[in-house]
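Me: Please examine the model shown here and discuss its contacts in a series of questions and answers.

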Number of protein chains: 2
Amino acid sequence: MNISEVSARSDLPAKTIRYYEDIALIAPGRDANGYRRFSEEDLHKLTFLSRARALGFTIEDCRALLALWEDQSRASADVKRIAGEHLEAIEAKIRDLEAMRNTLAHLVAECAGDGRPDCPILEGLAQEG
Amino acid sequence: MNISEVSARSDLPAKTIRYYEDIALIAPGRDANGYRRFSEEDLHKLTFLSRARALGFTIEDCRALLALWEDQSRASADVKRIAGEHLEAIEAKIRDLEAMRNTLAHLVAECAGDGRPDCPILEGLAQEG
DNA sequence: CTTGACCTTCCAGTGACTGGAACCCTTATA
DNA sequence: TATAAGGGTTCCAGTCACTGGAAGGTCAAG
């Protein structure tokens, strides 16, 4: 497969795939003309990366997960630990965003949104403490 | 005020405050020795920036909001539009993260987390479609 | 006079790409 | 056979919002 085909099948931009090769997450072969040639296994890895990234895992998390994925003797506890830590981080992020949303929704609701200069949003952002 | 005092009072690192001067969000004066001297108004702006950034507004949003804040003749509708767009973006982000959390929580719950190599988390990440 | 805390500038790096320039390879068509 | 379109390649620079560190100037206390 050439890069455009794995790009379409893995749902990753070609640029991103080249970047993943740069940082040694994948190591596709090369044709005589210098084009990258991707195996089914390369595609499988890229699909894995695509989904793990979509779940918000960092590249370094992905690197660790890929290594575990390829390691026949790994313990599922290792994977569960990484995923569990990530789950907690996601939940913390959700709580943060909900706090932001509540504050902002409150400010927006109070704002008349007309031509008058009085604006509770700016006042809310300006007040100290 | 010197930088460390505004830093403490605005809850922004000194580095960040210098950066905000670099990108022309603030323009503090200078003492004879070259130290930045911050006025109450500078502090007020920094507090404003600190809170707006904590609510997830981008720097460019902040620049627009600061300009509106300083503009006596602005309409609150302008502010409401910026804040409303941002509110929608936050809500979309929360929905994304909740989807991630649900998928991941499901995978983690299925994983035995023991020494065995079978791991539903990796299988879930590997499956296509 | 020295110590230590504070301030300055400037340069480089972060994460995870993304855009663009400049160029090579392949295939189809006039 | 020329050429044009649509692949592919590398490399460099930029994004965002800082952050770290080096190298050095300034100030107050003991």
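The exchange below covers the DNA surfaces, the aromatic pairs and the salt bridges.

Me: On what basis are the residues and values reported?
Reply: Residues are numbered from 1 along each chain as its sequence is written, and chains are lettered from A and ligands numbered from 1 in the order in which they are written. Side-chain values use heavy atoms, without hydrogens and water, and this is a predicted model in which local features need pLDDT of at least 70, side-chain atom pairs count only at pLDDT 80 or more, and totals for chains, interfaces and linings use all residues.

Me: Which helix gives the largest share of the surface near DNA strand D?
Reply: A residue is near a strand if one of its heavy atoms lies within 4 Å of it. Helices are DSSP runs (H or I, at least four residues), numbered from the N terminus. At least two residues of this surface come from each of α1 (3-10) and α2 (14-22) of chain A and α2 (14-22) of chain B. The largest share, 4 residues, is that of α2(B).

Me: How far is a phosphate oxygen of DNA strand D from an N or O atom in the side chain of B:Y20?
Reply: B:Y20 is among the residues that come nearest to DNA strand D, together with A:S4, A:R36, B:K15 and B:R53. A polar contact is a pair of N or O atoms within 3.5 Å. For the side chain of A:R18 the distance to a phosphate oxygen of this strand is 3.0 Å, and for the side chain of B:Y20 it is 2.6 Å.

Me: Which residue has a side-chain N or O atom 2.3 Å from a base oxygen of DNA strand C?
Reply: DNA strand C is surrounded by 19 residues, the closest being A:K15, A:Y20, A:R53, B:S4 and B:R36. Of the strand's atoms within 4 Å of the protein, 69% belong to sugar and phosphate. A polar side-chain atom of B:S4 lies 2.9 Å from a phosphate oxygen. The contact to a base oxygen at 2.3 Å is made by A:K15.

Me: Is the pair of B:Y19 and B:Y20 stacked, edge-to-face or tilted?
Reply: Rings of Phe, Tyr and Trp (its six-membered ring) pair if their centres lie within 6.5 Å, and planes under 30 degrees apart count as stacked, over 60 as edge-to-face and the rest as tilted. By this rule there are 4 aromatic pairs over all chains. The rings of B:Y19 and B:Y20 have centres 6.0 Å apart and planes at 45 degrees, so the pair is tilted.

Me: How many residues apart in sequence are the parts that B:F48 and B:W69 tie together?
Reply: This aromatic pair is stacked, with 4.5 Å centre to centre and 20 degrees between the planes. Both B:F48 and B:W69 are buried, where buried means under 20% relative accessible area, exposed over 50% and partly exposed in between (1.4 Å probe, protein chains only). Because B:F48 lies in helix α3 (residues 40-54) and B:W69 in helix α4 (residues 59-70) of chain B, the parts tied together are apart in sequence by 21 residues.

Me: Which residue forms a salt bridge with A:E70?
Reply: A salt bridge is a side-chain nitrogen of Lys or Arg within 4 Å of a carboxyl oxygen of Asp or Glu, and the structure holds 16 over all chains. A:E70 is partly exposed at 45%, whereas its partner is buried at 12% relative accessibility. The closest N and O atoms are 3.2 Å apart, and the partner is A:K45.

Notes:
Polar contact = N/O pair within 3.5 Å; in protein donor to acceptor, adjacent residues only side chain to side chain.
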